[in-house]
Each structure stands twice: as structure tokens, then as C-alpha cells.
Amino acid sequence: MLNQEWTTTIEGFLAHDRAGGKRTTTNAARRQHLQHLARRVTVGPWAVTSDTLLDYLVAQDWATETRRGRRTTLDRFYRWGLYRGFVQVNPVDPVPKVRAEAAFARPAPDRAYHEALMRAHDRERVMLRLAAEVGMRRSEVAVAHTRDLVEDLVGRSLVIHGKGGRDRVVPLPESLGRTLAGMEDGYLFPGDDNGHLSPRYVGKLIRDLLPDKWTMHTLRHRFATRLYAHTRDLLGVQGMLGHATPTTTRRYVQWDTDRMRAAVDEIAG
């Protein structure tokens, strides 16, 4: 029931988020989350109960991290409703919290990456390289702009607009820096989502190019694993990926199985 009441309320909430510094990509994701709920309930936003939310969530076939993200959006939305006096209780409170599941690195193999590069057009090839050679998320690739390219005495770097409004500056491989410098001024990937492509569409483009079940996110795992293998610097990898903690980064790095196998063989017996 995505009616005018829902639409007006959602936009009011998002305006509040923007006033607090939330980025466009975060706003867009939360809009999608709330619209998804609105289309699947038969009442207005302030008539939604805990039972309504439980029925809604049970009906969704989502991965754990997706479910965690949706619950976070709903909780923020109804906390805003409490603050504004639209509701007296937060209906999300009785909804069970979703615990993060144990995650393991799943780096896309070289074969998958190179196959995608061969199939890609120029635009998609740049997207692939930003994910695999710099470790960028699809949301970061979507909003990349030529003004984010920085040149210094050593080479070129890119200002990446990360999650939670956290920007970072990462060095670029020389050839990738030259490619970006040669692109037309503006968003690297123009589109209809506030002037650029949507993160979802960027992810779909890359998923369609990669073989099997590899995704753009597994290219980010590939980057993290290869960078750590080369540097043995987990904090450096954390900075490159834009993670808040090294614990998160650790889940992106696959163990160096060849090195461990050699060590096990050496100490055996």
C-alpha cells in the first residue's frame, strides 16, 4: 500500500537522515527498504504493529546480512517516528535482532575476473577494475566522479565515498589512473539515479559478466586477499577497504593456504 501517506512519511524520514549527513546512497537504500515494506502491508506507516512486521519479515527469503540491514532501516525509521511523536512505541523493539553469521572470505578466482574482462564493454571494464584492483563497493563505484581523481608527484589517487559518510583516499594502479583521467568530466557512470547509475544496477552489470555465482563483492574479497598476501599489513588493507575495524577486514582475507600447507608439511613428523 505505497500511497501518498507512506511516500510523504518516507521522504520526511530521509530528509531527517540527510540533515544528519547521511549520503545519497544510504538514502536511496533506505527508501527502497521502506517502499518494499509499504507495498506489502495494508495499513499506513503509523498503524504498523510488531505483528505486522514479524509477518512481513517471515515472508521474505533474504540472506542474513540483508535481513540485518532491513531491520536497521526499520528501527531507525520508527525511532524517528517516536522522536516526532507519530508513534508511542517502536514496533521494531520486539522483532528479534539478527546476529551476524560467521563469514568467510570468498575471493573470485583469476579465471572468473579475466573472463569478465574479456566479455565487458569499456564502461563495465572500468567498473570491474575499480572493484578488483582498488577494492571498491558497488555503491562507491556508482557515485565515483572525475573530481574525485587526485594527482600528486607520485601518481594518481581516488577519493572514495564510503559507507557511513566515511571518505578515504586510495592510490590507483598507474594504468587505471590514466584510464580514469581520460574519461569525460562528471560521474564516471552517468545514469538516472541523481545523475549516476544506481548501485544495484552496477552490481547487476558485473554479476551478469562474471561466470558461475561470482559477484562484484567477491572481487572486493579478491583485492583484499591479494593485497594482504603482498603486504602482510592487515591495517593497511583495512584502510584501503574503508572498514571501521580490522575484525571486518579479516573476514575478507582468505588464508594463504599454500603457505600454511608448506608450513604444516615442514613441521610434520
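This note goes through a predicted model, taking one helix, then a sheet, then the nonpolar cores.

1. The helix α3 covers residues 50–58, and along it Ser-50, Leu-53, Tyr-56 and Leu-57 are buried. When the helix is viewed down its axis, these buried residues fall within an arc of 125°, so they line one face of α3. On the other side of α3 one finds Asp-51, Asp-55 and Val-58, which are exposed.

2. The model also holds an open sheet of three strands, arranged in the order β1-β2-β3 and paired in the antiparallel sense. Its edge strands are β1 (149–151) and β3 (167–171), each of which pairs on one side only. From one strand to the next, the twist averages 30°.

3. Consider next how the strands of this sheet are joined. Three bridges connect β1 to β2, the strand of residues 156–161, and the two run antiparallel; within the sheet, Leu-149 stands opposite Leu-158 in β2. Between β2 and β3 there are five bridges, again antiparallel, and here Ile-160 stands opposite Arg-168 in β3.

4. The strands β2 and β3 form a hairpin, with five residues between them, and Gly-164, which lies in the turn, has a positive phi of about 70°.

5. Which side chains of β3 point to the buried face, and which point to the other? The side chains alternate along the strand: Arg-168 and Val-170 point to one face and are buried, whereas Asp-167, Val-169 and Pro-171 point to the other face and are not buried.

6. The largest nonpolar core has 41 residues, and those with the most contacts inside it are Leu-128, Leu-130 and Leu-219. At least two residues of this core come from each of several elements, among them the strand β2 and the helices α5 (110–119), α9 (199–209) and α10 (216–231). The largest share, seven residues, is supplied by α6, a helix that spans residues 122–134.

7. Leu-219 is worth following in the 3D view. If residues up to four places away in sequence are not counted, Leu-219 touches Ala-108, Tyr-113, Leu-128, Ala-131, Ala-132, Ile-206 and Leu-210. One of these partners, Leu-128, is itself listed with Leu-219 among the residues that have the most contacts inside the largest core.

8. A second core, separate from the one just described, has 19 residues, including Val-48, Leu-53, Trp-62 and Tyr-78. Of these, Leu-53 has already appeared in this note as one of the buried residues of α3.

Notes
Residues are numbered from 1 along each chain as its sequence is written. This is a predicted model: local features need pLDDT of at least 70, side-chain atom pairs count only at pLDDT 80 or more; totals for chains, interfaces and linings use all residues. Side-chain values use heavy atoms; hydrogens and water are left out. Buried means under 20% relative accessible area, exposed over 50%, partly exposed in between (1.4 Å probe, protein chains only). Helices (H or I, at least four residues) and strands (E, at least two) are DSSP runs, numbered from the N terminus. The arc is that of the directions from the helix axis to the C-beta atoms. Two strands pair if DSSP finds at least two bridges between them. Axes are lines fitted to C-alpha atoms, for helices over the stretch in contact, and angles run from 0 to 180 degrees between N-to-C directions. A nonpolar core is a set of buried Ala, Val, Leu, Ile, Met, Phe, Trp, Tyr and Cys residues joined through side-chain atoms within 4.5 Å. Contact means heavy atoms within 4.5 Å.
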